[in-house]
Amino acid sequence: MRTLRRAVLLAVPALCALASCGIPTTGVVQAGGPASGVVPTIRVYFVADDTLVAVPRRTVAPVDVESAVEVLLEGPTEAERVKRMTTLLSLPGLLPTAVPAAPATDGAVPVPQEVRTADLVKVTVTDDRVSIELTAAMGDVVGLAADQLICTALGAQRVADPGSEPLPVTVTGPRGRRIEGTGTSCSDG
């Protein structure tokens, strides 16, 4: 009995010392935004040495074909251009570049307007197909330029709906020329 009492008397101060180890209490510490999980990564396709190259890009937007095409239309970054990557899409001053507004007739100074993706392409996803319609500002695309759009759209579909078969993609130029693709020319990186 005496041994048990002695053990208890020694254990209580030891537990108190451990419980109050000298760290002062603090309030809530702000350390940035809340955890947000995995940041989605899409692949956009540029051209290097006459070959399609898949380039991973992180995006904050929900991944869908339209947002992937928007990222593609931004063109390669400076680091990618140093690696000799380019785009064959004829973009009127890569997004988001300001273009002059129509001249004001009342003497006011016009404010430049941003080129929006909707000014260049229209992306439509149906149950059986993805359609990318180009405006006159983009012009017609053929060959690797069309493949850039097709492969980027197919890659976005794989990220948005993993496990399902991607839909075929049709790119239609402003003069009605259609190019259909299923991704046979797309590389994985």
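In strand E7, Val 169 and Val 171 point one way while Thr 170 and Thr 172 point the other way, and all are buried. Buried here stands for a relative accessible area under 20%, exposed for one over 50%, and partly exposed for values in between, with a 1.4 Å probe and protein chains only. In a regular strand the side chains alternate between the two faces of the sheet. Strands (E, at least two residues) and helices (H or I, at least four residues) are DSSP runs, numbered from the N terminus.

The structure is a predicted model, in which local features need pLDDT of at least 70 and side-chain atom pairs count only at pLDDT 80 or more, while totals for chains, interfaces and linings use all residues. Residues are numbered from 1 along each chain as its sequence is written, and side-chain values use heavy atoms, with hydrogens and water left out.

The chain contains five helices and eight strands. Their order along the sequence is α-β-β-α-α-β-β-α-β-β-α-β-β. Of the 189 residues in the chain, 33% are buried. Contact means heavy atoms within 4.5 Å. Among contacts in the chain with a separation of 6 or more, 55% are between residues 24 or more positions apart. The accessible surface of the chain is about 12400 Å², and carbon and sulfur atoms hold 58% of that surface. Accessible areas come from the Shrake-Rupley method with a 1.4 Å probe, and for residues only the protein chains shown count as cover.

The strands around E7 can be followed by their pairing, which requires that DSSP find at least two bridges between two strands. E6 and E7 run parallel and are joined by four bridges, with Val 130 opposite Val 169 in E7. On the E5 side, strand E5 (residues 121–125) and strand E6 (residues 130–134) run antiparallel with five bridges between them. Val 125 stands opposite Val 130 in E6, and a hairpin of four residues connects E5 to E6. Before E5 comes helix H4 (residues 117–120), which includes Leu 120. Leu 120 counts as buried because its relative accessibility is 2%. Its C-alpha atom is 7.6 Å from that of Ala 136, although the two residues are 16 residues apart along the chain.

Thr 170 belongs to strand E7 (residues 169–172). Which residues does Thr 170 contact, leaving aside its neighbours within four places in sequence? They are Arg 129, Val 130, Ser 131, Ile 132, Arg 178, Ile 179 and Glu 180. With Arg 129 there is also a side-chain to side-chain polar contact of 2.8 Å. A polar contact is a pair of N or O atoms within 3.5 Å; within protein, one must be able to donate a hydrogen and the other to accept it, and residues adjacent in sequence count only if both atoms are side-chain atoms. Thr 170 is classed as buried because its relative accessible area is 2%.

Helix H5 (residues 143–160) has 18 residues, and its first and last C-alpha atoms are 26 Å apart, close to the 26 Å expected at 1.5 Å a residue. That expected span is 1.5 Å times one less than the number of residues. H5 is mostly covered, with 13 of its 18 residues buried. Asp 161 lies in the loop between H5 and E7. Asp 161 counts as partly exposed because its relative accessibility is 43%. The C-alpha atoms of Asp 161 and Asp 64 are 9.0 Å apart, with their positions 97 residues apart along the chain.

Cys 151 and Cys 186 form a disulfide with their sulfur atoms 1.9 Å apart, where a disulfide is a pair of cysteine sulfur atoms within 2.5 Å. The pair links distant parts of the chain, 35 residues apart: Cys 151 is in helix H5 and Cys 186 in the segment after strand E8 (178–181). The link of Cys 151 and Cys 186 is left-handed, at -95° about the S-S bond. Both Cys 151 and Cys 186 are buried.

Helix H2 (residues 65–73) has seven of its nine residues buried, so it is largely enclosed by the rest of the structure. The buried residues in H2 include Val 65, Ala 68 and Leu 72. Just after H2, Gly 75 takes a positive phi of about 80°. Gly 75 is also one of the residues touched by Glu 80, along with Phe 46, Val 55, Arg 57 and Met 85, not counting residues up to four places away in sequence. Glu 80 sits in helix H3 (residues 78–82) and is buried because its relative accessible area is 9%. The side chains of Glu 80 and Arg 57 make a polar contact of 2.5 Å.
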